[in-house]
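User: Please examine the structure shown below. I should then like to put a series of questions to you about it.

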Amino acid sequence: MLDRRGFMLSGGVLALTQTDATAAVDAGPDKSSAAAQTSAAAEPLYALTAGEAEVLTAVVDAFIPADDLSPSGSDCGVVVFIDRQLAGSYGAGARLYQDGPFQPSNGQVQFGPQSPLAPLQFIQLGIAELDAWSTANSGTPVKQLPKPELNALLQQLESGKIALPRIDARAFFGALLQLAMEGFFADPIYGGNRDKASWRMIGYPGLPATYAKAIRQYRGRRYQAEPRSIADFL
Amino acid sequence: MVQVLKSTDAVIVGLGWTGAIMARELTRAGLQVVALERGPDRNPAEDFALPAIRDELRYSVRQELMQDPKMETVTLRHRLDGEARPVRRFGSFLPGDGVGGMGTHWNGNTFRFLPSDHRLRSHLGERYGRASIPEDMTIQDWGVTYEELEPHYSRFEALCGVSGKAGNIAGKIQAGGNPFEGPRSGEYPNAPLVASHANELFRRAAGEIGLHPFPAPASNASAPYVNPEGTQLGACQYCGHCDRFGCEANAKATPLSTLAPSLRQASGFRKVTNAYATRVLYDAKTRRATGVRYIDLRSGETYDQPADIVVLSAWVFGNTRLMLLSGIGEPYDARTGKGVVGKNYCYQIQPTVQAFFKDEELNPFMGAGGLGMVVDDFNGDNFDHAKLGFFGGGYISQNSTNGRPISFRPTPPGTPAWGAAWKRETANWYRRTATMLCEGTNYPNRTNALDLDPTYRDMFGQPLLRMTFNFTQNDRTMADFLLGKAADIGRAMNATIVAPQPRKGDFNVVSYQSSHNTGGTIMGHTPADSVVNRYLQSWDAHNVFVLGSSVFPQNAGYNPTAAAAAVTYWCADALVKQYLKAPAPLVQL
C-alpha cells in the first residue's frame, strides 16, 4: 500500500466515500489504529488543485515526519484539514480586516500579515511561488525534492533567506506552519489529527475535560485516558 | 433616514461587565434603561453546551466569541512619526463581542489593585520625591482611593463568588493570603480552588526563597454558590477552557451567569442586540448629551435613542472612539500635551518563564481560568525602587489555566519549530512544563495615545481608532527585573531547564499577550488632566458617564476586571444617590 504521499504523487486524488467525521465516530475509544489506516486513503479536495495538494503534502510531511511518535502529517489528514479550512470561511478571509490601502510589511512582522489576498489565494500563490523557486534554483519541483533538500529549502524560507517575487515569503511560511499545526493538533472533526495521533503523542486526553476530582488525585502522577474527540460524544 | 425612538431614562452602550452592572443598579433604582449591544445575545445553555464548547480551533484559534475585525478594528503605529497599519486579525489582545462582552471569555482572575496604584503620583512622590518621576511618565491619581473603593470591590467579589484567601482583613495579616494587599473588609466568598501540582511546586519554591505565595483570587467557583442577586453558580470542573470559551458548568462568573437573570426580570430593562453605536448625540451649547445614534445591524436602519443619561461601557477602544467621534472633550495631542481624550493609553508587559521538569507529571490540561499560585513581592511599589532605575512591577504566578495543544506546546530553547526534533521535544515536554507569568505594569508615556485614524475606516465608513504605542525603557527594565525574579523561582523549583522568554523589540499585535488594555478616557481631578471626574462623569457633559478600564490613568500589575467593576459600582452609587436627585456636575471646581 502506498503511503499518503506516494498515493498523492501517483495522482490518486479522487473523492472516496468515507468522510473524516465518520472515521472519527467509527474509531471509538478502543479501536485506535484501524481508523488511521482506513482513512489514510484519499479525500476529496474542496479548494486546492491536485498539484497544490501534492506540494502541501511534501511540506506537511517535512513539518511532521512519520516516526515512532506518529504517522506523517499527511497521513494524519493535515492536508485534508488545510484544504477544508481554505475552502471555508477562514480561507475566504472571514474575521480578517481587508480594507485598503495595503502597504508591504517590509519585514515588520509586528503588524501581522498585510496582504490584500484572502488566505486561500495567499496560500495558493505561495505554493506556486515556492514551487517555481525550487524548480528555478535546483531544477526540481518541491514534490520531487529529496527530503534533505526539502528540509533545507523550508529552513531557508523560515529564516527569511529566500525572497519570493510576489509574496512575503516569511508570512507565507508562518501561515503554512500555523495551518499545519492546527491540522495536526485540532479536534479530528476538522479532518486532521486522524485517530487523535497528536493527542496520543503528547498525552492530551481531549474530552470530556472534567477534572474536579482528578486534579487532586493525579497530582504529580500521569493521568492517562483514551483520548476522545467531540465526535465521540455525539 | 434616522428614526427617532421614544426617550428613555438612560441608554447604555455595551453590555459587558460594566454595562450589565450599571443596568442592574439603574433598574434597581427604578429607571427605564435601554442597553445597546453591538454583538448578538448569548444563551449559555445552548451556546456553551458540551461537547462543542471544547473546540480549541473554533473558539480559541478562530476566536468565535470575539469582536470581528472586519466590522471594526484598530490601527497601530509605534511612534508619532510612524505610519499606522490596521490590525487585520486580532492577536495580542482580544476584544469581546455580544452580551457579556469580554466577561464571557475572560479567565476569571479577580485581583484588587494596590492602594498605591489608585494614587500613584502622590505615592511615588511621597516615597521617592516628586522629581524622581520622569517627565514623560504621565501617571496620576485616580481621584478615588482604595478605601473608598473597598466596599465596591467586595460587592463585585460577592457577585462573582470569588475563590481565594484573604491576606489582610481590616489591617490584620492573614496566613496563606497576600500580605501586600490593601485591607479587606472580609474573607473571599469561596475557598481557594484546588491547587495543581505545578501550583504546589511554585508555592513550595517561592516560600523557600523567602517570598509570599498565595492562591490567585479566581471567579471560578470552587463550590456551588448563590450570589447576592440570587443566581446560582456551579462548581468549577477544572476543564482548562476558560479564556476564549463560555463555561458550560456556569462556574465562571460572567455577566450572563451573574446578572442576566436579574436583568431579565427587571421591568425597566430592555436590551437591543446587533446595535452598533456610532455617535453620542451631543449638544455642545447646553453641554448635554441627548442620546445615542446606532445602526441596527440586521436591517441597516439608523436609529436615535434619546435619553436623559448616557452611559458608555464599550471597553477601552469603543469608549474613546465614541467620545472622539462625538466631539465630547478635547482630543489629546501628543505633540503639545494638550487635550485629554485618548491620553494615557496603557497596556501591560507580560514576559514569561518556562520551567521544564524531566521527572514531573503536571497534567497541563487540568486547570481553571484563575487557577494560579502568585507572589506579589515585586508588584507595584511593594519593594524599594530607589536604586532600580524604574517604577512599577508585577505579580509573578504559575497559572494552570489550560493545556490546549494547538496553542500550548512548550519546547526548550533551541528546539526547531517543526521536523523530527520538534516532534520529539514536544512529546517530551508537553506534560512536564510549568509556565510562569509576570503580569507587569504599564505606566503611561506622553507619546502612547489613541486618536482617530486619518486613513482606515470601519464597515460604515467611520474612522478607526489609531493607537500610537510602544513599550518604554521603564517597561523593559521593569520586565527584565521581574523575569529575573521569576527565573529564580524556577530554579528553586528544581526545574531541569529554566527558560526565560523576554519581550523584545517593538510591540507586536500578532502573538497573544494580554487583553488588559486601559486608558483613553481617564479619570482625574480637573478637566485639564482627565476626561471624567472621580465619579466617572464627563467634565464636558454632566449626563455622560464612562465605565471600564478606559478610565484608569495607568495600568497596574494585575488583571483589571475587578478594578473596572469596583469603579462602576462606585459610579452607580453616586449616580443613584446624588445625580438623580440633582442632575449636575458632581464635582464642582
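Analyst: Contact here means heavy atoms within 4.5 Å. This is a predicted model, in which local features need pLDDT of at least 70 and side-chain atom pairs count only at pLDDT 80 or more, whereas totals for chains, interfaces and linings use all residues. Residues are numbered from 1 along each chain as its sequence is written, chains are lettered from A and ligands numbered from 1 in the order in which they are written, and side-chain values use heavy atoms, with hydrogens and water left out.

User: Which residues does B:Val587 touch, not counting residues up to four places away in sequence?

Analyst: B:Val587 is found in the segment after helix H13 (561-579) of chain B; helices (H or I, at least four residues) and strands (E, at least two) are DSSP runs, numbered from the N terminus. Its C-alpha atom and that of B:Trp539 are separated by 8.8 Å, although the two residues are 48 residues apart along the chain. With residues up to four places away in sequence not counted, those that B:Val587 touches are B:Asn533, B:Arg534, B:Tyr535, B:Gln537 and B:Trp539.

User: How large is the area buried between chain A and chain B?

Analyst: The two chains meet through 73 residues of chain A and 65 residues of chain B. Buried area is the accessible area (1.4 Å probe) that two parts lose on being put together, summed over both. Carbon and sulfur atoms give 60% of the total, which is about 5,800 Å².

User: Which three residues supply 17% of the area that chain A buries against chain B?

Analyst: The area buried between the two chains is about 5,800 Å². On the side of chain A, no other three residues supply more than A:Arg95, A:Tyr97 and A:Phe111.

User: Which residue of chain B meets A:Asp67 in a salt bridge?

Analyst: A salt bridge is a side-chain nitrogen of Lys or Arg within 4 Å of a carboxyl oxygen of Asp or Glu. By this rule, two salt bridges are found across the interface of chain A and chain B. At 2.9 Å, N to O, the side chain of A:Asp67 meets that of B:Lys423.

User: Which element gives the most to the side of chain A that touches chain B?

Analyst: The elements of chain A that give two or more residues to this side are helix H4 (50-63), helix H5 (78-87), H7, H8, helix H9 (197-202) and helix H10 (214-217). With eight residues, the element that gives the most is H8(A).

User: By class, how many charged residues does the side of chain A that touches chain B have?

Analyst: Ala, Val, Leu, Ile, Met, Phe, Trp, Tyr, Cys and Pro count as nonpolar, Asp, Glu, Lys and Arg as charged, and the others, Gly among them, as polar. This side has 46 nonpolar and 18 polar residues, and the number of charged residues is nine.

User: By class, how many nonpolar residues does the contact of H7(A) with H8(A) have?

Analyst: A:Leu154, A:Leu157 and A:Glu158 in H7(A) meet A:Ala169, A:Arg170, A:Phe172 and A:Phe173 in H8(A). The contact has two charged residues and no polar ones, and the nonpolar residues number five.

User: How many residues apart are A:Glu226 and A:Arg200?

Analyst: The structure holds 40 salt bridges over all chains. One of them joins the side chains of A:Glu226 and A:Arg200 (2.9 Å, N to O). The pair links distant parts of the chain, with A:Glu226 in the segment after H10 of chain A and A:Arg200 in helix H9, and their separation in residues is 26.

User: Why is one side of strand E8 and of strand E22 of chain B left without a neighbour in the sheet?

Analyst: Two strands pair if DSSP finds at least two bridges between them. Six strands of chain B form an open, antiparallel sheet in the order E8-E17-E18-E19-E16-E22. E8 (214-215) and E22 (497-501) of chain B stand at the edges, so one side of each lacks a neighbour in the sheet, each having a single partner strand.

User: Which residue in E19(B) stands opposite B:Ser397?

Analyst: Strand E18 (residues 394-399) and strand E19 (residues 433-440) of chain B pair in the antiparallel sense over five bridges. Opposite B:Ser397, in E19(B), stands B:Leu437.

User: In E21(B), which residue is the bridge partner of B:Leu452?

Analyst: An open sheet of four strands in chain B has mixed pairing and the order E5-E4-E21-E20. Its edge strands, E5 (85-86) and E20 (449-457) of chain B, each pair on one side only. E20(B) pairs with E21(B) (residues 463-468) in the antiparallel sense over five bridges. The bridge partner of B:Leu452 in E21(B) is B:Leu465.

User: Which residue does a cis peptide bond join to B:Leu50?

Analyst: Most residues other than glycine have a negative phi, and most peptide bonds are trans. In chain A, a cis peptide bond with omega about 5° joins A:Leu207 and A:Pro208, the latter in the loop between H9 and H10 of chain A. In chain B, the loop between helix H2 (44-47) and helix H3 (56-61) holds B:Pro51. With omega about 0°, the residue joined to B:Leu50 by a cis peptide bond is B:Pro51.

User: What is phi of B:Asn250?

Analyst: B:Asn250 is placed in the loop between strand E10 (232-233) and helix H8 (255-258) of chain B. Its phi is positive in a residue other than glycine, with a value near 55°.
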